[in-house]
Amino acid sequence: MVDKKQIAFVPEAGTCLPWKVKIDEVGEIPGNEEIVKKEWEKLEAFAYAFIWSWVQR
């Protein structure tokens, strides 16, 4: 069964799981959050490109 939160979530173009969703899931991050956010966005971009490359085959 799909809950309402999953139905309402539509990722923005070029993303799989945006930072704002991930930070809600993880909660408060000790230390410099910007460093973690920056690395997450790099990983996110790589994951999106990887998935998209498989879709194009």
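In the predicted model, glutamate 12 and lysine 20 are joined by a salt bridge, with 3.4 Å between the closest N and O atoms. Glutamate 12 is partly exposed, at a relative accessible area of 47%, and lysine 20 counts as exposed, at 53% relative accessibility. Lysine 20 belongs to α2, on the side of the helix where Asp24 and Glu25 are also exposed. Glutamate 12 takes part in a further interaction through its main chain: the backbone oxygen lies 2.7 Å from a polar side-chain atom of threonine 15.

The salt bridge between glutamate 12 and lysine 20 is one of three found in a search of the whole structure. Another links the side chains of lysine 22 and glutamate 25, with an N to O distance of 3.0 Å. These two residues are three places apart in helix α2, so about one helical turn separates them. Their accessibilities fall into separate classes: glutamate 25 is exposed, with a relative accessible area of 54%, whereas lysine 22 counts as buried, at 18%. The remaining pair consists of glutamate 39 and lysine 42, whose side chains meet at 3.3 Å, N to O. Both residues lie in helix α3, again three residues apart, or about one turn of the helix. Glutamate 39 counts as partly exposed at 42% relative accessibility, and lysine 42 is likewise partly exposed, with a relative accessible area of 48%. An α-helix has 3.6 residues a turn, so residues three or four places apart point the same way.

The protein contains three helices and zero strands, arranged along the sequence in the pattern α-α-α. Of its 57 residues, 14% count as buried. The mean pLDDT of the protein is 86, and 88% of the residues score at least 70. Confidence varies between elements: the lowest mean, 62, belongs to helix α1 (residues 4-8), and the highest, 94, to α3. Where pLDDT is low, the predicted coordinates should not be read in detail.

Helix α2 has a buried side and an exposed side. Its buried residues are Trp19, Lys22 and Ile23. Viewed down the axis of α2, the buried residues fall within an arc of 100°, and they therefore line one face of the helix. The buried residues of α2 pack against α3. Lys20, Asp24 and Glu25, in contrast, are exposed on the other side of α2. Directly after this helix, glycine 27 adopts a positive phi of about 95°.

Valine 36, in helix α3, is in contact with Trp19 and Ile29 when residues up to four places away in sequence are not counted. Trp19 is among the buried residues of α2. Tryptophan 19 and valine 36 are 17 residues apart along the chain, and 9.7 Å separates their C-alpha atoms. Valine 36 itself counts as partly exposed, because its relative accessibility is 35%.

Glutamate 44 also lies in helix α3, which spans residues 33-55. Glutamate 44 is buried but forms no salt bridge. Side chains of opposite charge can pair when their charged atoms come close. For glutamate 44, the nearest side chain of opposite charge is that of lysine 22, 9.0 Å away. Lysine 22 is paired instead with glutamate 25. Apart from neighbours within four places in sequence, the residues in contact with glutamate 44 are Thr15, Cys16, Leu17 and Pro18.

One of these contacts, threonine 15, is located in the loop between α1 and α2 (19-26). Threonine 15 counts as buried because its relative accessibility is 18%, below the 20% cut-off. With neighbours within four places in sequence left aside, threonine 15 is in contact with Tyr48 as well as Glu44. The side chain of threonine 15 also has a polar atom 2.7 Å from the backbone oxygen of glutamate 12, the residue whose salt-bridge partner is lysine 20.

Terms used
Residues numbered from 1 in each chain as written. Predicted model: local features only at pLDDT ≥ 70, side-chain atom pairs only at ≥ 80, totals over all residues. Heavy atoms only, no water. Helix = DSSP H or I, 4+ residues; strand = E, 2+ residues; numbered from the N terminus. Buried < 20%, exposed > 50% of the residue type's maximum accessible area, 1.4 Å probe, protein only. Lys, Arg positive; Asp, Glu negative; His and termini not counted. Salt bridge = Lys/Arg side-chain N within 4 Å of Asp/Glu carboxyl O. Contact = heavy atoms within 4.5 Å. pLDDT = per-residue confidence, 0-100. Polar contact = N/O pair within 3.5 Å; in protein donor to acceptor, adjacent residues only side chain to side chain. Arc of directions from axis to C-beta.
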